[in-house]
Amino acid sequence: MEFSSSKHGDKLVVTVAGRMDAITAQEFDTQCRQWLAAGDTNVIADLSGLEYISSAGLRSILSAAKQLKGAQGSLAFCNLSGMVEEVFVVSGFAAMFTMHPTLEDALAG
Amino acid sequence: MTTHVTSFRMTNRMNCFKRVQPEVERFAMAHGLSPKCTFHLTLCLDELITNIIDYGYADFDEHPIDVTITLENGCVSVRIEDDAEPFNLLEAPPPELEVPLEERTKPIGGMGIHLVKTMMDGIEYTRKNGRNILLLRKCVCDDGALAGAPHE
């Protein structure tokens, strides 16, 4: 998995690319600790480059979301497509999290 | 109608996704399965075999896991056979989908199985001779999955 991030006001936009499977998923959780350590608590994850996600990836996202929420922060998502979007819908994550169609929407919201 | 079959063996020491994905993609490509159907098969195999690898064994030995994928009459069947501890996913409790994030007591148990139950059209479990045998069925006619299939 690959991460790149940029600051937009008080929001941290994190672009996630690659695969979130049983082997790689923990990296998201690990990254989240670094965002928190740097004082970033409002995170928008841009998933346009995410090719694959399994329940292990969902677990990692949930764990990260709990950490951010515990620090009065938030985790939102944008640019989901194809299989990643389907997994978010079937798992209930699409209803549980704030979802934006594009990054522009996410930054405006 | 022609029957297409592929089988492969993996073990609990392998990287599940990396072993499963090329096998499913090769089969799907050869027989014109849709990207959506290919993804469903990949994800379900990944979820189920990852479960077996993570929770199925009481020892630290290497164990074989045998997978057979069959396409017949517009239906894909997947058979997974392993010698892990008995586990019937049909009896597993559902995940807490409706419970708000902060009220969840369990991390997120059962989500992989929920995805499998949603994406597959049929699931059968048998325990026989100390082995788990799981049969999954997925109809591929409904999403145009066979639209690009070569004519026989």
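Across all its chains, this predicted model holds 9 salt bridges. Side chains of opposite charge can pair when their charged atoms come close. A good one to look at first is the salt bridge between R33(A) and D29(A), where the closest N and O atoms are 3.4 Å apart. Both R33(A) and D29(A) belong to helix α1 of chain A, which covers residues 26-37. They sit 4 residues apart there, or about one turn of the helix.

Staying in chain A, let's turn to another arginine. R19(A) is part of strand β2, residues 11-20 of chain A. Its side chain is joined to that of D21(A) by a polar contact of 3.2 Å. What else does R19(A) touch, once neighbours within four places in sequence are left aside? Within chain A, its contacts are M1(A), T24(A), L50(A) and Y52(A), while from chain B they are F17(B) and K18(B). L50(A) is worth a second glance: 31 residues separate R19(A) from L50(A) in sequence, yet their C-alpha atoms are 6.1 Å apart in space.

The contacts of R19(A) with F17(B) and K18(B) lead us across to the other chain. Here 23 residues of chain B are in contact with 23 residues of chain A. Together the two chains bury about 1900 Å², and 68% of that area is on carbon and sulfur atoms. How many salt bridges run between chain B and chain A? The count is 0. Polar contacts, on the other hand, do link the chains: 4 residue pairs are counted, with both residues at pLDDT 80 or more.

Which helices of chain B build the side that touches chain A? α1 (16-30), α2 and α3 of chain B each supply at least two residues. The largest share, 8 residues, comes from α2(B). Sorted by class, this side of chain B has 10 nonpolar, 7 polar and 6 charged residues.

Finally, follow α2(B) into its own chain. Helix α2 (residues 35-55) and helix α3 (residues 111-119) of chain B have axes that come within 9 Å and cross at roughly 145°. The crossing of α2(B) with α3(B) is left-handed. On the α2(B) side, the contact is made by F39(B), H40(B), L43(B), C44(B), E47(B), L48(B) and N51(B). These meet G112(B), I113(B), L115(B), V116(B) and M119(B) of α3(B). In terms of class, the contact between α2(B) and α3(B) has 8 nonpolar, 3 polar and 1 charged residues. So α2(B) is a handy place to end the tour, as it takes part in this helix crossing and also supplies the largest share of the side of chain B that touches chain A.

Note on methods
Residues are numbered from 1 along each chain as its sequence is written. Chains are lettered from A and ligands numbered from 1 in the order in which they are written. This is a predicted model: local features need pLDDT of at least 70, side-chain atom pairs count only at pLDDT 80 or more; totals for chains, interfaces and linings use all residues. Side-chain values use heavy atoms; hydrogens and water are left out. Axes are lines fitted to C-alpha atoms, for helices over the stretch in contact, and angles run from 0 to 180 degrees between N-to-C directions. A crossing is left-handed if the near helix is turned anticlockwise from the far one by less than a right angle, and right-handed if clockwise. Contact means heavy atoms within 4.5 Å. Ala, Val, Leu, Ile, Met, Phe, Trp, Tyr, Cys and Pro count as nonpolar, Asp, Glu, Lys and Arg as charged, and the others, Gly among them, as polar. Buried area is the accessible area (1.4 Å probe) that two parts lose on being put together, summed over both. A salt bridge is a side-chain nitrogen of Lys or Arg within 4 Å of a carboxyl oxygen of Asp or Glu. A polar contact is a pair of N or O atoms within 3.5 Å; within protein, one must be able to donate a hydrogen and the other to accept it, and residues adjacent in sequence count only if both atoms are side-chain atoms.
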